[in-house]
Amino acid sequence: PVQLRLWISLTSGFIFLLLLALGCKRSWALGGGFLHAVAIAAIARSTGQDIIRGNFAMPFISAFILLYYSIIRKEARWKYILLMISAFGALSFWDFSLGLFTAFAIFELARFALTGSLRKQEKKVGKLLFLFITLLY
């Protein structure tokens with residue numbers, strides 16, 4: 001199960017990168033990734049005591065969130081490709097990922113309703129995710 005432990009620990013690294021992408025100081029981002037790594041639930045996952053599909057999909061979900069905010073800061077075609085791969089991985093390994101993506105979409109729609117504007121990148125990601133989920137399901 002060493003490979004499984006390494007796979008699950010990717011989430012802490014993605015949290016670190018997400019916090020950096022959101023503009024946090026490096027020390028705070030490192031603290032956020034470390035906090036996830038030493039949380040009781042993370043320890044149970046990494047020891048193999050609590051292996052469920054959600055834990056296996058977590059690196060894909062955290063990569064999706066990281067790539068989404070990274071695209072908003074600086075757009076690149078390869079980020080869109082990785083974003084769709086991470087969405088595919090999350091939806092393939094855990095059916096409840098659809099619920100998470102739905103909550104994400106509701107949050108973005110509420111933000112649009114309150115602010116009245118969406119950036120070009122946010123529109124692209126929304127359209128791609130909608131198309132992708134529609135084709136997958």
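A residue is classed as buried when its relative accessible area is under 20%, as exposed when that area is over 50%, and as partly exposed in between. In this predicted model, F56 has a relative accessibility of 27% and therefore counts as partly exposed. Its ring partner F93, with a relative accessible area of 36%, is likewise partly exposed.

The structure contains seven aromatic pairs. One of them joins F56 and F93 in an edge-to-face arrangement, with a centre-to-centre separation of 4.8 Å and an angle of 75 degrees between the planes. Because F56 belongs to helix α4 (residues 53-73) and F93 to helix α5 (residues 77-93), this pair ties together parts that lie 37 residues apart in sequence. A further pair is formed by W94 and F96: the ring centres are 5.4 Å apart and the planes meet at 55 degrees, so the pair is classed as tilted. F96 has a relative accessible area of 47% and is partly exposed.

Aromatic residues also assemble into a cluster made up of F64, Y68, Y69, F101 and F104. Within this cluster, Y69 is located in helix α4 and is partly exposed, at 25% relative accessible area. When neighbours within four places in sequence are set aside, Y69 contacts L18, L22 and E108. The C-alpha atoms of Y69 and L22 are 7.1 Å apart, although the two residues are separated by 47 residues in sequence. For Y68, with neighbours within four places again excluded, the contacts are L83, F104, E108, R111, E122 and V125. E108 is thus in contact with both Y68 and Y69.

In soluble globular proteins, nonpolar side chains tend to be buried together. The largest nonpolar core of the model comprises 20 residues, and those with the most contacts inside it are F64, Y68, L83, A87, F101, V125 and L129. Two or more residues are contributed to this core by each of α4, α5, α6 (97-115) and α7 (120-136). Helix α4 makes the greatest contribution, providing eight residues.

Nonpolar side chains are also found at the surface, where W78, I81, L82 and I85 form a patch with a combined accessible area of about 410 Å². I81, a member of this patch, is placed in helix α5. The relative accessible area of I81 is 48%; as only values over 50% count as exposed, I81 is classed as partly exposed.

Definitions and conventions:
Residues are numbered from 1 along each chain as its sequence is written. This is a predicted model: local features need pLDDT of at least 70, side-chain atom pairs count only at pLDDT 80 or more; totals for chains, interfaces and linings use all residues. Side-chain values use heavy atoms; hydrogens and water are left out. Rings of Phe, Tyr and Trp (its six-membered ring) pair if their centres lie within 6.5 Å; planes under 30 degrees apart count as stacked, over 60 as edge-to-face and the rest as tilted. Helices (H or I, at least four residues) and strands (E, at least two) are DSSP runs, numbered from the N terminus. Buried means under 20% relative accessible area, exposed over 50%, partly exposed in between (1.4 Å probe, protein chains only). Patches are made of residues with over 30% relative accessible area and no salt bridge: like charges are joined within 9 Å, nonpolar side chains (Val, Leu, Ile, Met, Phe, Trp, Tyr) within 5 Å. Accessible areas come from the Shrake-Rupley method with a 1.4 Å probe; for residues, only the protein chains shown count as cover. A salt bridge is a side-chain nitrogen of Lys or Arg within 4 Å of a carboxyl oxygen of Asp or Glu. A nonpolar core is a set of buried Ala, Val, Leu, Ile, Met, Phe, Trp, Tyr and Cys residues joined through side-chain atoms within 4.5 Å. Contact means heavy atoms within 4.5 Å.
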